[in-house]
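Me: I have a model open and want the reasoning behind its structural labels. Please take me through them one by one.

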Amino acid sequence: MPGEIYSVLSTGMRYWFALLGVLIVWRSFHWLRRDRKETHRRLKRLPDAGNIGVFRVLAGGPQLAEGEELPVPREGVLGSVRTCDIALPVSEVRKRHLDFFYVDGQGLHVQPRRGCACSVDGVELTHRSGRQSPLLTHGSILQAGDALLRLYLFEGLEVPRSARLMSVELPDPPSAGELAAPQNGNVQTPNGNAAPGSLPYWAYPVPPQGGEQR
Amino acid sequence: MKASTADQTRRAGRALCSAVMLFFSTAFLLLALKDYAWQGFALAVAVPAMIWLGVSLLPHLFPADRLLLSLANFLCALGILLLYDTNPDLAYHQAMYYGVGLVAMLACIYAVRLLRQWRMAAALLIPFSLALLALPLLFGSEINGAKNWIYIGSVSFQPSEFVKLSLIVIVSRYMSRRRFFPWFIFAVGCLGLLMLQKDLGTALLYYAVTLLLYFASSGNWLLTLLGLSGGAGAAVLGYRMFAHVKKRVAIWLNPWADYDRAGYQIVQGLMAIASGGLFGVGLGLGSPTTIPIYHTDFIFAVICEQFGWIFGLCVLAMYVAIVWRGATTAMAARTGFHGLMCMGATLMLGLQTFVIIGGVLKLIPLTGVTMPFVSYGGSSLVSSMCLIGLIQGVASLNEEHLQEDARLAEYGGEIG
């Protein structure tokens, strides 16, 4: 093609390429915005997204009410400051007390930080405990400082075949009537006292007997 | 009836893919009309077809993010287009590297999804990466003042481009487990080797990414600021100790003082950008080859010359979109390791883009890093595709976790 004709054609096509460039950028950002809205919508429908269960407070200090439920994410830090994934504002719990992470088919691993200690089902753990430390599964009790917590895992998660038997018996599950229309939202706790504000849809399972698997 | 989310996503993907395909079919057709070369006509069909295959078909076979694929494919094809205009042989090589990069990207996606023993992988990567990075010092060739290339026959590669990936994996792994020494010693080792090779641009990237990842994992302002000050101090020390650093800073401050020798490259780059104006001089016109090493360091100047400022800003915006996507993916990751890894890959791409474009525009002193996806170079292109692969791998895991959460929610939130 003669140089002059090409020059005119190329000069004219500049606006076309600029237009397409702007269009591509506009569609890309539109896509980003739409995906962000869609993700927010999905997460709104899934309030427990990212969590594997809850820690129910069996005993705590004045700032931690008995029966309070603390969502447990898949991994994070437990400590006394608000920025921790699980905040326990009780005495003897340091700012960042322990790390935890959940492994499918195993359970919740806890790793106390240097100078911190906790206990899992009565077994004391320190920073040096390493990989031999017991795991938390459904019903396990974690003690950190003055706080005593019981772990409740969501149904449908992979749990180990040989789950540890719980040392403290869980209460009988509420009747269908109690589940359908709780009068005051109170549900029995292990020590027999009513826990105010409990969620009506929690189902307390009967603990496994012998080799019974979940 | 309102379209479902999947329909909307498909339509968005099709619209974007169509715009990208249209761009390259018309661009290559225009170049083909210049000298009636059959290769140009073939590329006008092949490049849009490859883009369509990459963006529309690939996500059906592999878990991939269509938006990231679209943008990465656009930038890669833009590099091939500009190289074809000036040196067709380089364009064919780049197209081949793009094929290798696609395979590497898929490998990275699957590595993120399937690999469980990251502890072992990170431990093995440390000595391997340090050895790889030390190779240029022993067997390498000095190019443009830096000894960071290895030649194996006719093939050359830059180990520092691949050790980038190891750095991200190792630092993320050990930071997420709060083990200080392994990642610290590895990072110091890498920086030391890079300083010995005089590859200061890559050293800057490694340092910045490590520091920012440390801040992301710990939230410790004090140590991060100390690290920043340390970096600034090291920069001043480098300026005083190394003559070529002094030269680079002098050229940055006033390239016109020595415009026909030391400052020639940057002056030609600035003149090319200025001559492009808003819409450019036109594809296939102008004189990009007057800029020394235009195909690697100064490819952005060529973009601005040929397509103009507006298009140059659009290219910048595409990098911003990639970084935005990477950052949101990192923040949605369910484990600290995946979040840090994704953030590291995003930071690496973003900082590298900033460093090279900043250098070309004379915002900061010029360094020897390349423009991700666009610049000519197999090592750079493949490592950039690998970084995108890491981000996509984490994105696909996030999606799986959301679906798992939806499945668990079907149990009604009951405790098992």
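Me: What makes G145(A) notable in the hairpin of β9(A) and β10(A)?
Reply: G145(A) takes a positive phi near 60° there. The hairpin has two residues between the strands. This is a predicted model: local features need pLDDT of at least 70, side-chain atom pairs count only at pLDDT 80 or more, and totals for chains, interfaces and linings use all residues. Residues are numbered from 1 along each chain as its sequence is written, chains are lettered from A, and side-chain values use heavy atoms, without hydrogens and water.

Me: How do you know that β9 (residues 141-144) of chain A and β10(A) pair?
Reply: Two strands pair if DSSP finds at least two bridges between them. Strands β9(A) and β10(A) have four bridges, in the antiparallel sense, so they pass. One bridge sets I141(A) against R150(A) of β10(A).

Me: Which sense does the pairing of β1 (residues 51-59) of chain A with β10(A) take, parallel or antiparallel?
Reply: Antiparallel, over six bridges. A59(A) stands opposite L148(A) in β10(A).

Me: Why is β10 (residues 147-153) of chain A called largely enclosed?
Reply: Buried means under 20% relative accessible area (exposed is over 50%, partly exposed in between; 1.4 Å probe, protein chains only). Six of the seven residues of β10(A) are buried, so the rest of the structure largely encloses the strand.

Me: What makes β4 and β6 of chain A edge strands?
Reply: The open sheet of four strands runs β4-β3-β5-β6 (chain A), with mixed pairing. β4 (86-87) and β6 (107-112) each have a single partner strand, so one side of each lacks a neighbour in the sheet. Within this sheet, β3 (residues 75-79) and β5 (residues 98-103) of chain A run antiparallel, joined by four bridges. E75(A) stands opposite F101(A) in β5(A).

Me: Why are α11(B) and α12(B) called roughly parallel?
Reply: Angles under 35 degrees count as roughly parallel, over 145 as roughly antiparallel, 65 to 115 as roughly perpendicular and the rest as oblique. The axes of α11 (residues 264-276) and α12 (residues 299-307) of chain B cross at roughly 25° and come within 6 Å. That makes them roughly parallel. On α12(B), the contact (heavy atoms within 4.5 Å) uses A301(B), C304(B) and E305(B).

Me: How do you know that α2(B) is roughly parallel to α4(B)?
Reply: Helices α2 (residues 38-61) and α4 (residues 88-114) of chain B pack at about 0°, axes 13 Å apart. That angle makes them roughly parallel. Residues meeting there include L43(B) in α2(B) and Y92(B) in α4(B).

Definitions and conventions
Axes are lines fitted to C-alpha atoms, for helices over the stretch in contact, and angles run from 0 to 180 degrees between N-to-C directions.
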